[in-house]
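Me: I have a model open and a list of labels I want to understand. Can we go through them one by one?

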Amino acid sequence: MPRDTAAEDLRAIRIDQFIAHPPRKVWRALTEPELVARWLMPNDFRPEVGHRFTFTTEPKPQVGFDGIVYCEVLELEPEKLLKISWSDRKLADWTVTWRLEPEGRGTRLFLDHEGFDPDDELQQLSRRIMGGGWRSRHFRAIAAVVDELDA
């Protein structure tokens, strides 16, 4: 079960979870486009700093989201760190950072989704909706994808 390491941080979503597989397998789930599509959204991601890509999903009119997330790979350290920008070109101007740390025979996977405006009601609604999705759905889906990968 993912744990929220900063429940009161109105500027960010911070979660970590242990995944019982080595970082190289978890990294694949975070960086291979067809695997990312299985746990997050269809995409044209490439693990290259500076690469611009999009995620596409169902629009969410209640928060002004048209279903397209515009991203860029900002930092990349294979099997350790992936940082991307995350924007809808309207409300969202965030960063999403994944950190992988070996832990025993597995990996501690950290997520920092940062840049929410604590004084903006719509951004706070987005933070709550997205935080719930990261916690209840996406972390479990990442673990399931990794479980299915060949060694």
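Reply: Start with His51. Beyond the neighbours within four places in sequence, His51 is in contact with Asp44, Phe45, Arg46, Cys71, Glu72 and Val73. Keep in mind that this model is predicted.

Me: Where does His51 lie?

Reply: His51 sits in the loop between α2 (33–39) and β3 (52–56).

Me: Why is His51 called buried?

Reply: Its relative accessible area is 10%. Buried means under 20%. The value for His51 is 10%, so His51 is buried.

Me: What makes the link between His51 and Arg46 a polar contact?

Reply: The cut-off is a pair of N or O atoms within 3.5 Å. The side chains of His51 and Arg46 are joined at 3.1 Å, so the distance fits. The His51 side chain also reaches the backbone oxygen of Asp44, at 2.8 Å.

Me: Which label fits Asp120, buried or partly exposed?

Reply: Partly exposed. Buried stops under 20% and exposed starts over 50%. Asp120 has a relative accessible area of 26%, so it falls in between.

Me: What does Asp120 do at the end of α3?

Reply: Asp120 lies in the loop between β7 and α3 (121–148). It caps the N-terminal end of α3. One of its side-chain oxygens is 2.9 Å from the backbone nitrogen of Leu122.

Me: How do you know that the span of α3 agrees with the expected one?

Reply: Take 1.5 Å a residue. The 28 residues of α3 should then span 40 Å. The end C-alpha atoms are 39 Å apart, which agrees. There is also a bend of about 40 degrees in α3, at Trp134.

Me: Why is strand β2 described as mostly covered?

Reply: β2 covers residues 12–19. Six of its eight residues are buried.

Me: How do you know that β2 and β7 pair?

Reply: Pairing needs at least two bridges. Eight bridges join β2 to β7 (residues 106–114), so the two strands pair. They run antiparallel. One of the bridge partners is easy to find: Phe18 is matched with Arg108 in β7.

Me: What makes the Arg99 and Asp112 pair a salt bridge?

Reply: The limit is 4 Å, from a side-chain nitrogen of Lys or Arg to a carboxyl oxygen of Asp or Glu. Arg99 and Asp112 meet at 3.8 Å, N to O, so the pair counts. Arg99 lies in strand β6 (residues 93–103) and Asp112 in strand β7, so the pair ties together parts that are 13 residues apart in sequence.

Me: Which labels do Arg99 and Asp112 get, buried or partly exposed?

Reply: Arg99 is at 27% relative accessibility, so it counts as partly exposed. Asp112 is at 13%, so it counts as buried.

Me: What joins Glu101 to Arg99?

Reply: A salt bridge, at 3.4 Å, N to O. Glu101 has 37% relative accessibility, so it counts as partly exposed.

Me: How do you know that Glu103 and Arg108 form a salt bridge?

Reply: Their side chains meet at 3.0 Å, N to O, and the limit is 4 Å, so the pair counts. Glu103 is partly exposed at 33%. Arg108 is buried at 13%.

Me: Which residues are joined into one network by salt bridges that share partners?

Reply: Asp9, Arg14, Arg99, Glu101, Asp112 and Glu114. The structure holds 13 salt bridges.

Technical notes:
Residues numbered from 1 in each chain as written. Predicted model: local features only at pLDDT ≥ 70, side-chain atom pairs only at ≥ 80, totals over all residues. Heavy atoms only, no water. Helix = DSSP H or I, 4+ residues; strand = E, 2+ residues; numbered from the N terminus. Buried < 20%, exposed > 50% of the residue type's maximum accessible area, 1.4 Å probe, protein only. Polar contact = N/O pair within 3.5 Å; in protein donor to acceptor, adjacent residues only side chain to side chain. Contact = heavy atoms within 4.5 Å. Expected span 1.5 Å × (residues − 1). Bend = angle between axes of the 7 residues up to and from the residue.
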